[in-house]
Amino acid sequence: MSVWATDRLPGLTKVYDFRPASVVVVDFGAQYAQLIARRVREHHVYSEIVPSEITYEELLSLHPKGIILSGGPKSVNEPGAPSLDRRIFDMGVPILGICYGAQLIASELGGTVEKNLKGEYGRVELCANEHGTLLSHSPLVQNVWMSHFDAIAKAPDGFTVIASTPNSPVAAMEDPVRRIYAVQYHPEVAHTDFGEQLLGNFLFDAVGADASWTSYSIIEESLNNLRNQIGSERVICALSGGVDSSVAAALVHAAVGDQLICVFVDTGLMRSGEREAVEKTFRDQFKIQLVVVDASQKFFALLEKVTDPEEKRKIIGATFIRVFEEVALEVEGAKYLVQGTLYPDVIESGTKSAAKIKSHHNVGGLPDDMNFELVEPLRLLFKDEVRAIGEELGLPEKLVWRQPFPGPGLAVRIVGEVTPERVGILREADAIVQEEIENAGLTRSLWQSFAVLPAIKSVGVMGDERTYAYPVVLRAVTSHDAMTADWARLPYEVLESISSRVIAEVSGVNRVVYDVTSKPPGTIEWE
């Protein structure tokens, strides 16, 4: 990652260069900006997202080989709409504009953008009159995904219009002399049939990018950067036993060996058997120094009567840091703290170009006065990239492919106050969910599956007697990177088995319901 991009992100106190950005994605507030970056990386080309406020000098310092301008919610004709330093178009670097980015190219270079009488949303048939660079190796007629009201009515001089749709006379255009390309539709979404091909055409035919962004290259560069940052200092790792913190721990251990001490904090908010599994894996199997701290009473005391989700996350994040600081004093004053922070954590916690959705305990929930310098080797990676690194490092498949578990633990799956009693109920219910999902062979096909405990009770009948107990909400989603998610269509027999077991085996529960909300509009976790 570049110094420019990361010094604007919260929670990072020192920055080291990761690599020059091969392709820079300029974010104009698009819902798909992160997806564009991820699609580029799927072609093994490193990409990085920067806000639209980036200056010509800042962008030039990144030495990009290609630039992609994202979509966005504004109209280029609105006063105050996001724009771009005009000199960027004259850098000689290949540029691809998508949706708003395409309209911005047209507007800035002398074309015309007008509001249509009718917008285009969803799947639309695209008709091309020639392939050009962008549509090479794809049909002249294909389905694409549109989401716009304005449209390019006239292309700038020098551009060739290569495709149109019923409501977009300039659906794709390119100027191969200036190496500037634009499409009105979204090639990054799966609904565009040949979107992957189009991005590949731009990356390799227009940009001439190298397909060198691989798990091996990420590991090698990460090891060098970790050694440069940590030096001979002692470092502790916040180890939860989940995929992210485990891969981060393995990377740092590979870089600095016994300088690393992993710390597992038993918050009282963990899943069933979590502490025992962590001790067996890291202390017994990997022979990594591991300190286990039972801080459950401290966490429960601080969470007493707290119901606001943001406050919960901030309390948990701050308390984690205080516990780690106490441990650091006992291990020769370790000054570095390793966290398994991922790119979606950073985006959802809010950056200059992304509104805050919720604070992650390891990003927006960190205290301002902590005494650590953070080490976050996974900070600009997506989950699929992290898993690939874990496999390359030789971590067990079962660990690498564990479903994500939130850092704040079961606290963000309990709506309302977090108490030992309510955590116990949820822990038992969640264990049943995990067992039944695994028995059905669905674990790998789901992004996450878990139980939620709402702050309500309902009337039921059990053994001919009236009950007044909690419902348990079952949540299961499919996703590629947690930026978007769809509710999973679980088989009825699996739902029936989970419901029957939870009600029969978990005291205090008399009802099971299933959450059928996608992201957006909901989030994956309830809090």
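**Group meeting: salt bridges, packing and backbone**

R87 is partly exposed, with a relative accessible area of 38%. I start there, and I will work outward through its partner. One caution before that: this is a predicted model.

So what does R87 pair with? R87 makes a salt bridge with E57, and the closest N and O atoms are 3.1 Å apart. The two ends sit in distant parts of the chain. E57 is in helix α3, residues 56-61. R87 is in the loop between β3 (66-69) and β4 (95-98). The separation along the chain is 30 residues. E57 has a relative accessibility of 44%, so E57 is partly exposed as well.

Next pair. E274 bridges to R402, with the closest N and O atoms 3.0 Å apart. E274 belongs to helix α8, residues 274-285. R402 lies in the loop between α13 (397-400) and α14 (420-439). That pair therefore ties together parts that are 128 residues apart in sequence. Is each end buried or exposed? E274 is buried, because its relative accessibility is 4% and the cut-off for buried is under 20%. R402, at 24%, counts as partly exposed.

Now a network. R38, R39, E42 and D384 are joined into one by salt bridges that share partners. Take one link from it: D384 with R38, closest N and O atoms 3.2 Å apart. This link also spans distant parts of the chain. D384 is in helix α12, and R38 is in helix α2, residues 33-42. They are 346 residues apart. D384 is partly exposed at 29% relative accessible area. R38, at 6%, is buried. For context, the structure holds 28 salt bridges.

Stay with α12. Which helix packs on it, and at what angle? Helix α6, residues 215-230, packs against α12, residues 383-392, at about 80°. The axes are 9 Å apart. An angle of 65 to 115 degrees counts as roughly perpendicular, so α6 is roughly perpendicular to α12. From α6 come S215, I218 and I219. From α12 come A388, I389 and E392. By class, the contact has four nonpolar residues, one polar and one charged.

On to the core. In soluble globular proteins, nonpolar side chains tend to be buried together. Here the largest nonpolar core has 126 residues. Which members touch the most others? I68, L96, F202, I236, V252 and F324. Which helix gives the most to this core? Helix α7, residues 243-256, with nine residues.

Look at F324 as an example. Set aside neighbours within four places in sequence. F324 then contacts I236, A238, V263, V265, L337 and F372. A second core lies apart from the largest one. This other core has 32 residues, among them V50, L62, A106 and I180.

A334 next. A334 sits in the loop between α10 (309-330) and β13 (336-338). Buried or exposed? Buried, at 7% relative accessibility. Its contacts beyond four places in sequence are R234, V235, I236, A328 and F372. I236 and F372 are also among the contacts of F324. One distance to note: the C-alpha atoms of A334 and F286 are 21 Å apart, and the two residues are separated by 48 residues along the chain.

Last topic, the backbone. Most residues other than glycine have a negative phi, and most peptide bonds are trans. Where does this model depart from that?

Take the peptide bonds. K519 and P520 are joined by a cis peptide bond, omega about -10°. P520 and P521 are joined by a cis bond too, with omega about 15°. P520 lies in the segment after β19 (509-514), and P521 is placed in that segment as well.

Then phi. H44 has a positive phi, near 65°. H44 is in the loop between α2 and β2 (47-51). H44 is partly exposed, at 40% relative accessible area. C99 also has a positive phi, near 55°. C99 lies in the loop between β4 and α4 (100-108). C99 is buried, at 4%.

That is the tour.

Conventions:
Residues numbered from 1 in each chain as written. Predicted model: local features only at pLDDT ≥ 70, side-chain atom pairs only at ≥ 80, totals over all residues. Heavy atoms only, no water. Axes fitted to C-alpha atoms, helices over the stretch in contact; angles between N-to-C directions. Helix = DSSP H or I, 4+ residues; strand = E, 2+ residues; numbered from the N terminus. Parallel < 35°, antiparallel > 145°, perpendicular 65-115°, else oblique. Contact = heavy atoms within 4.5 Å. Nonpolar A, V, L, I, M, F, W, Y, C, P; charged D, E, K, R; others polar. Salt bridge = Lys/Arg side-chain N within 4 Å of Asp/Glu carboxyl O. Buried < 20%, exposed > 50% of the residue type's maximum accessible area, 1.4 Å probe, protein only. Core = buried A, V, L, I, M, F, W, Y, C linked by side-chain atoms within 4.5 Å.
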